[in-house]
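Open your viewer and get the selection tool ready. We will go stop by stop, and at each one I will say what to pick and what is there.

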Amino acid sequence: MTPEEQAREVIDKKLVQSGWTIQDKNRLNLTASLGVAVREFPTSTGPVDYAFF
């Protein structure tokens, strides 16, 4: 497992514990819950690790 994958597991776990629903950009449903964190969300300057909605 790469360091990035290890970090993502830790971050995902903490987000879920805080009440966030985590989604991939390819399966986006912003109405899934009150707080949605989207991995690798595209922006005009490149993807961000997480976008929070």
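Before the first click, a definition: buried means under 20% relative accessible area, exposed means over 50%, and partly exposed is in between (1.4 Å probe, protein chains only). You are looking at a predicted model, in which local features need pLDDT of at least 70, side-chain atom pairs count only at pLDDT 80 or more, and totals for chains, interfaces and linings use all residues. Residues are numbered from 1 along each chain as its sequence is written, and side-chain values use heavy atoms, with hydrogens and water left out.

**Stop 1: strand β1**

Select residues 21-24, which make up strand β1; helices (H or I, at least four residues) and strands (E, at least two) are DSSP runs, numbered from the N terminus. Now pick Gln-23, which sits in β1. Is Gln-23 buried or exposed? Its relative accessible area is 9%, so Gln-23 is buried. Show its contacts, meaning heavy atoms within 4.5 Å: beyond its neighbours within four places in sequence, Gln-23 meets residues including Leu-28, Leu-30, Val-36 and Val-38.

Move to Ile-22, also in β1. Ile-22 counts as buried because its relative accessibility is 19%. Setting aside residues up to four places away in sequence, Ile-22 touches Asp-12, Leu-15, Val-16, Ala-37 and Arg-39.

**Stop 2: the strand pairings**

Add residues 36-41, strand β2, which pairs with β1 in the parallel sense over four bridges; two strands pair if DSSP finds at least two bridges between them. For one such bridge, select Asp-24 and its partner in β2, Arg-39.

Next add β3, residues 48-52, which runs antiparallel to β2 and is joined to it by four bridges. Here Phe-41 stands opposite Val-48. β2 and β3 form a hairpin with six residues between them, and Gly-46 in the turn has a positive phi of about 115 degrees.

**Stop 3: the aromatic rings**

How many aromatic pairs does the structure hold? There are three. Rings of Phe, Tyr and Trp (its six-membered ring) pair if their centres lie within 6.5 Å; planes under 30 degrees apart count as stacked, over 60 as edge-to-face and the rest as tilted. Select Trp-20 and Phe-52: their ring centres are 4.9 Å apart and their planes lie at 65 degrees, so this pair is edge-to-face. The pair links distant parts of the chain, 32 residues apart: Trp-20 is in the loop between α1 (3-17) and β1, and Phe-52 is in strand β3. Finish by adding Tyr-50, which ring pairs link with Trp-20 and Phe-52 into a cluster.
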